[in-house]
Structures are given as C-alpha cells and as structure tokens.
Amino acid sequence: MSCIFCKIVAGEIPCHKLAETARVLAFLDIMPIARGHLLVVPKQHVELAYLADPALSGEMMSMAVQLGRAAQAALQCAGMNFLLNCGACAGQVVPHAHLHVVPRFVDDGIHWPWPQGSLVSEDAAALVQAITERMR
Ligand code: AMP
Ligand code: ZN
C-alpha cells in the first residue's frame, strides 16, 4: 500500500484529524492554500471521486459542509471553495479522492484563472442528450 491517504486512514502516518465517520475522514491539508484548508477523504481507496459510490460522495460532501460551517465560525472567513480535482489533467496530485475545503477571505489574492468560453445552443442540445442518456 503506497497511497499516502490510505496510510493516513490506517494511522501509519500522522494527520491533524478534524472528524471521522465509519466511511469518511477529515484532516488539515499539510500545505494549505489558506488558513484552515482541510481535506475530506473516503476511508476506502477510490482514485476518482466521480467513480465513487454516490452515497459515499454524499457523505464526503455532508462532512465538508459541516466542517465548512464550523471553520467559517472559527475563522470568520468571508466564503469558501469546495474543490474536487479528479485526474492528473484536472490537477489531482494525490491519487486518492479528496474534497478540498478552502476558507476564503476578501482580497486574499487567490485566483483560479479559468478561461470563459461560450455555450453554443446546438452543442448545448447535443451535450444534454449525450450526458443524460448515459446517466446511471
Ligand atoms: P490535489 O492536488 O487535489 O491532489 O491535492 C492534494 C492535497 O493533498 C494538497 O493540497 C496537499 O497539500 C495535500 N497533502 C499531501 N500530503 C498530505 C499529508 N500527508 N497530509 C495532509 N495533506 C496532504
Ligand atoms: Zn488510498
């Protein structure tokens, strides 16, 4: 087992634990984007969050929302980002699914420079059809 988050779940390497349930663990990010940056991970090894059991993803989000609310009260942040990087091309470095909760402050200098495209209506119709007919 070489996965760093599996080792954290197993207690083989330490973490600053915030909360856990039978299926989910939350701890502070060791290289935080902002003060209070935390991660919620499934205890079971799943690489890509979108391939996890939707109920498990729901538990991750439920814990993230509860911790986000508590972090807001503790840190008095003005907002927060909930972020899932899935796959190396999407910025995932640790190949064990994890939901980032990043407290945000006014003028904190953090920017995600995502380009804005434009949605063409014929493509929108094709996309809606292609995606919805594959939904399971
Ligand atoms: P990602 O780019 O979405 O894969 O993010 C991985 C995150 O895991 C980064 O924000 C790292 O700072 C964080 N990280 C890596 N190793 C550890 C660790 N041992 N304990 C806590 N956070 C970690
Ligand atoms: Zn793992």
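Cys 3 counts as buried because its relative accessibility is 11% (buried means under 20% relative accessible area, exposed over 50%, partly exposed in between, with a 1.4 Å probe and protein chains only). Cys 3 is also one of the protein donors of the zinc ion (ligand 2). This is a predicted model, in which local features need pLDDT of at least 70 and side-chain atom pairs count only at pLDDT 80 or more, while totals for chains, interfaces and linings use all residues. Residues are numbered from 1 along each chain as written, chains are lettered from A and ligands numbered from 1 in written order, and side-chain values use heavy atoms, without hydrogens or water.

**Zinc site**
- The protein donors are Cys 3 (SG), Cys 6 (SG), His 45 (ND1) and His 96 (ND1), lying 2.0 to 2.3 Å from the zinc ion (ligand 2); donors are N, O and S atoms within 2.8 Å of the metal (3.2 Å for Na, K and Ca), and sites may look incomplete as water is not among the atoms.
- The arrangement is tetrahedral because the 4 donor atoms subtend angles of 105 to 118° (four donors qualify if all angles lie between 85 and 135 degrees).
- Along the chain, the donors follow the spacing C-x2-C-x38-H-x50-H.
- Cys 6 lies in helix H1 (residues 4-9) and His 45 in the loop between strand E3 (38-42) and helix H2 (54-75), so this pair ties together parts 39 residues apart in sequence.
- Cys 6 is buried at 10% relative accessibility, whereas His 45 is partly exposed at 40%.

**Cysteines**
- The disulfide count is 0, a disulfide being a pair of cysteine sulfur atoms within 2.5 Å.
- For Cys 86, the closest cysteine sulfur is that of Cys 89, at 9.7 Å, too far for a bond.

**Fold**
- The protein has 3 helices and 5 strands, which are DSSP runs (helices H or I, at least four residues; strands E, at least two) numbered from the N terminus.
- Their pattern along the sequence is α-β-β-β-α-β-β-α.
- The C-alpha atoms fill a box of roughly 50 × 40 × 25 Å along the principal axes.
- Of the 136 residues, 32% are buried.

**Largest pocket**
- A pocket is an open set of points on a 1 Å grid over the protein atoms alone, where a 1.4 Å probe fits, with protein on both sides within 12 Å along at least five of seven lines; lining residues have an atom within 4 Å of a point.
- The largest pocket is lined by 23 residues, with Phe 5, Asp 29, Ile 30, Met 31 and Leu 39 nearest its centre.
- H1 gives the most to this lining, with 3 residues.

Methods:
Four donors count as tetrahedral if all angles lie between 85 and 135 degrees; four count as square planar and six as octahedral if opposite donors are over 155 degrees apart and all others between 65 and 115; anything else is irregular.
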